[in-house]
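Take the model below and follow it from its metal site outward. The route then runs through the cores, the helices and a few loop positions.

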Amino acid sequence: MLGLWLLAGLVALALFLRLPGRVLLAMLGCLWLGIVLFLALLPEAAPARAIGGTAAQWLLAGGVAALILSYRALLGHLRARAPDPQPAAATDDGSMSGAELDRYARHIVLREVGGAGQMRLRGARVLIVGAGGLGAPLCLYLAAAGVGRMTLADDDTVSLSNLQRQVIFRSDQRGEVKSRAAAAAMAALNPHVEVTALERRITGADAGLIAGHDLVLDGTDSFASREAVNRACVAAGVPLLAGAIAQWEGQVTLYDPAHGGPCLACLFPEAPAPGLAPACAEAGVVGALPGVIGSLMALEAIKHLTGAGQGLRGRMLIFDGLYGETRTIHITRRADCPVCSTPLAALR
Ligand SMILES: [Zn+2]
């Protein structure tokens, strides 16, 4: 049966050369076709006898092989089209389902997070302000990490100039409302988390909304908006993890005056002079910078919610992308801060 030896030799050669499956199949198909034609046209020739079998037998064997391969391809196609498994209903005792244990396995083996930390993430409620450059990695990493309930506020729509850095959106989503488009991406990434999209900005009067959350993450890029979010967070007594970027440099800190740290107004009591702190649209920003700072914010949020390590309360981490340097400075609360010095100041 020279024919079978030829086929086996071809398979061995393909495995040795690590050829892709498709190439091997094409080579086997060509060899098979050659054998069938040879046996059909020259059945009595000496090489044909050495091959073994008849053209009809080789045709039948080829047909059976084709049927098996088609069946496997169909199964693979159906599996790929099957909808993602829905999150398993919460177990009766509130513990994680098998799918969640599997999904968060790399967190659970971390000593500082573990099963208890993952449960804290699942029970956490965070408000993400701004679904822009910083919001993109924040939303994706916090959804992936399994932060149970997230509110995402943004009143903007996706534009072409956003796509250079806001990697949560796709080109065909131009014109869509950012909060809803980002919420859909988060839900697609992790069906175990709940995301509420708000198509509006957060103002200084939103202390009520903020009070329903454990942590606020601010990734907006105007002083007026950051000042308003800070004021509402101080009034609600909720810590604020804030990130800021411009050109090649970014910074992250945790404003938490309820636990002795400063608030934004302790550091910047007044709006910067016009032109001194231009927004990204005017000053420009390198595309990967919000990826770095937004990811640092997500990391600090996970630490804050699980209690791992040392957070950035009273410290500001500054990253200089142009020179590849980071430094941390200490920041302190001001006794005469116009916002956090008295509980009522924030409401003014
Ligand atoms: Zn303050």
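What arrangement do the four donor atoms make around the zinc ion? This is a predicted model, and in it the arrangement is tetrahedral, because the donor atoms subtend angles of 97 to 123°. The ligands are Cys263 (SG), Cys266 (SG), Cys337 (SG) and Cys340 (SG), at 2.2 to 2.3 Å. Along the chain these donors follow the spacing C-x2-C-x70-C-x2-C. Cys263 counts as buried, because its relative accessibility is 0%. Cys266 is buried too, with a relative accessible area of 5%.

Now step back to the whole chain. The protein has 14 helices and eight strands. Of its 348 residues, 40% are buried. Take the contacts between residues at least 6 apart in sequence: 63% of them join residues at least 24 apart.

Next, the interior. In soluble globular proteins, nonpolar side chains tend to be buried together. Here the largest nonpolar core holds 40 residues. Val126, Ile128, Leu142, Met150 and Leu217 touch the most other members. Helix α14, residues 289-306, gives the most to this core, with seven residues. A second, separate core has 18 residues, including Leu127, Leu198, Ala232 and Val238.

Val126 shows how the largest core is knitted. Leaving out residues up to four places away in sequence, Val126 touches Leu142, Val147, Arg149, Met150, Thr151, His213, Leu215, Leu217 and Leu305. Leu142, Met150 and Leu217 appear in that list, and they are also among the members that touch the most others.

Val126 also opens a stretch flagged in the database. The unreviewed UniProt entry annotates residues 24-43, 55-74 and 126-144 as "transmembrane region". How much helix and strand does the chain have over residues 55-74? That stretch is 100% helix and 0% strand, with its end C-alpha atoms 28 Å apart. Residues 126-144 are 53% helix and 21% strand, and their end C-alpha atoms are 14 Å apart.

Three helices deserve a closer look. Begin with α14, the main contributor to the largest core. α14 has 18 residues and spans 26 Å from first C-alpha to last, close to the 26 Å expected. Its buried residues are Leu289, Pro290, Ile293, Gly294, Met297, Ala298, Glu300, Ala301, Ile302, Lys303, Leu305 and Thr306. Glu300 and Lys303 are thus on the buried list. Gly307 follows α14 and has a positive phi, near 85°.

Helix α11 covers residues 223-236. Its 14 residues reach 20 Å, close to the 20 Å expected. Buried here are Ser225, Arg226, Ala228, Val229, Asn230, Arg231, Ala232, Cys233 and Val234. Ala232 is one of the residues in the second core. What covers the buried residues of α11? The cover includes β1, α10 (207-211), β4 (215-218), β5 and α12 (264-267). Just after α11, Gly237 takes a positive phi of about 70°.

Helix α9 covers residues 178-189. It has twelve residues and reaches 16 Å, close to the 16 Å expected. An α-helix has 3.6 residues a turn, so residues three or four places apart point the same way. The buried residues of α9 are Lys178, Ser179, Ala181, Ala182, Ala183 and Met186. They pack against β1 (125-129), α8 (135-145), β2 (149-153) and β3 (194-198). β1 thus meets buried residues of α9 and helps cover those of α11.

Three single positions finish the route. Is Gln118, in helix α7 (residues 114-123), buried or exposed? Gln118 counts as buried, because its relative accessibility is 1%. Beyond residues up to four places away in sequence, Gln118 touches Met96, Tyr104, His107, Ile108, Val113, Ala145 and Gly146.

Gln247 sits in the loop between β5 (240-246) and β6 (249-255). Gln247 is partly exposed, with a relative accessible area of 41%. Most residues other than glycine have a negative phi. The phi of Gln247 is positive, near 55°.

Gly309 lies in the loop between α14 and β7 (315-320). Gly309 is exposed, with a relative accessible area of 68%. Its C-alpha atom is 7.4 Å from that of Glu112, although the two residues are 197 apart along the chain.

Conventions
Residues are numbered from 1 along each chain as its sequence is written. This is a predicted model: local features need pLDDT of at least 70, side-chain atom pairs count only at pLDDT 80 or more; totals for chains, interfaces and linings use all residues. Side-chain values use heavy atoms; hydrogens and water are left out. A nonpolar core is a set of buried Ala, Val, Leu, Ile, Met, Phe, Trp, Tyr and Cys residues joined through side-chain atoms within 4.5 Å. Buried means under 20% relative accessible area, exposed over 50%, partly exposed in between (1.4 Å probe, protein chains only). Helices (H or I, at least four residues) and strands (E, at least two) are DSSP runs, numbered from the N terminus. Contact means heavy atoms within 4.5 Å. Donors are N, O and S atoms within 2.8 Å of the metal (3.2 Å for Na, K and Ca); water is not among the atoms, so sites may look incomplete. Four donors count as tetrahedral if all angles lie between 85 and 135 degrees; four count as square planar and six as octahedral if opposite donors are over 155 degrees apart and all others between 65 and 115; anything else is irregular. UniProt positions are given in the numbering used here, feature names are shortened, and annotations may be inferred rather than shown by experiment. The expected span of a helix is 1.5 Å times one less than its number of residues.
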